[in-house]
Amino acid sequence: MVKSMVKQIQPLIGGPSRHNFFLNEEHYKLVLEGSQDGIWDWDIVQGVSYWNDRFYELIGCARSEFLPTTDNFLNLIHPDDRERFLHHLTAHLKYNKKYEIELRIRHASGKYLYIYTRGKSLRDKEGNVLRMAGTATDITERKQIELELEQARATAELANKKKSQFLANVSHELRTPLNAVIGYSEMLENGMAGELTEKQQKYIHNVAVSSRHLLDMVNELLDLSKIEAGKVQLHVEKIHIQTLLDEYLMTFEKLMKDKQVTVSYTIDPDVDYIEADPIRMRQIFLNLVTNGIKFNRPDGTLHIRIFKAADQDAMVCEIEDTGIGISEDKIPELFSEFYQVDNSYARQYEGTGLGLAVTKRLVELHGGTIWVKSRLGEGSTFIFTLPLLHSVPCSD
């Protein structure tokens, strides 16, 4: 195979190589021998080659043990890399294509090293190659690190896939009994199975509240696993913004009353409709508005501002609260999965730490972005953008 390769490039390189080749410029030779890289010099007209001492170190041979001929060098190259090497060399010699390539070459010990070699050629006025020279750098350590990182990445992706599948399976299995628990506890709360004592009413109310809280966490896990698996599809519709907010803010009335928080909104007349998935839009507002109310102060406020972006056809939504705020060092991790702000007040509201992570994924699925501005003790403003027009055709 090596001999056939040599025959293919022989018309391009002239006669056979000879070992006894010396550079005339002594100072040039000193530079070559002092280099940390392997250096090769190929006089194609004379058919002679020169390798510096470092190149011989790379292959683990002395000058007397190895002649730097074309077929000998091809024998050093890993069999799986030879065709690629020949392709790059021929492309340079014939068409003056850029010559740089990573190869595996065999060391005298039998092990293969990764080298990065590149070269330039000297040509006459007609474009014929007269000489070619270049370097060879040992990149074995770097390649080993790259291969280890690639293996680690593949292992992590597989683990993440298995995690997502596990979360999806567990979430589905948990939702059915949880819905049953919630349903029966609500029936008992409503007296459908007879009157309850005050203590029984308190206990069943705690069961219902805890079950709903657990179902919310299960739903967040299921949402995350679906998003990570790429199974969330947006069903885009034309949505009237004010109608969406009016209908949805009604669901916060009890929470607002319990927390003594006033919620208001303003909508720019230029943002009347948006094309988006209404269910996912409600989920985005649910997570952000619920957080803004829960982590607010008694008699605090939460204001939603919606307006058109100045430089693009997009909606900007700002949700500003007067709550506890977030310290600057916590903000970068805020949208990470399973992350929860670690302070005593925030820990009163246990959860999966997935709400903001899911919200970020849903905003990005719509082609938008989300970020937060906050100062500890002074409140937070969550801001997200969404394109007004979506690439997915709107349903009728």
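**Helix packing, cores and a hairpin**

In this predicted model, the axes of helix 10 and helix 11 approach within 10 Å and cross at roughly 145°. The crossing of these two helices is left-handed. On the helix 10 side, the residues that take part are Arg280, Gln283, Ile284, Asn287, Leu288 and Asn291, and they meet Gly355, Leu356, Val358, Thr359, Leu362 and Val363 of helix 11. Sorted by class, this contact comprises 6 nonpolar, 5 polar and 1 charged residues.

Both helices also contribute to the largest nonpolar core, a set of 41 residues in which Met281, Phe285, Ile304, Ile306, Met315, Ile319 and Phe384 have the most contacts. Other elements that supply two or more residues to this core include helix 8 (241-249), strand 8 (273-276), strand 9 (301-308) and strand 10 (314-321). Helix 10 gives the most, with 6 residues.

Isoleucine 304 illustrates the surroundings within this core. Leaving aside residues up to four places away in sequence, Ile304 touches Leu245, Leu249, Ser264, Tyr265, Thr266, Phe285, Val289, Cys317, Glu318 and Ile319. Apart from this core lies another, of 25 residues, with Trp51, Phe55, Ile59 and Leu89 among them.

Trp51 leads to strand 2 (residues 48-51), where Ser49 and Trp51 point one way while Val48 and Tyr50 point the other; all are buried. Strand 2 pairs with strand 1 (residues 38-43) in the antiparallel sense, over 4 bridges, and aspartate 41 stands opposite tyrosine 50. The hairpin formed by these strands has 4 residues between them, and in it glycine 47 adopts a positive phi near 70°.

Technical notes
Residues numbered from 1 in each chain as written. Predicted model: local features only at pLDDT ≥ 70, side-chain atom pairs only at ≥ 80, totals over all residues. Heavy atoms only, no water. Core = buried A, V, L, I, M, F, W, Y, C linked by side-chain atoms within 4.5 Å. Buried < 20%, exposed > 50% of the residue type's maximum accessible area, 1.4 Å probe, protein only. Contact = heavy atoms within 4.5 Å. Axes fitted to C-alpha atoms, helices over the stretch in contact; angles between N-to-C directions. Left-handed = near helix turned anticlockwise from the far one by under 90°. Nonpolar A, V, L, I, M, F, W, Y, C, P; charged D, E, K, R; others polar. Pairing = 2+ DSSP bridges.
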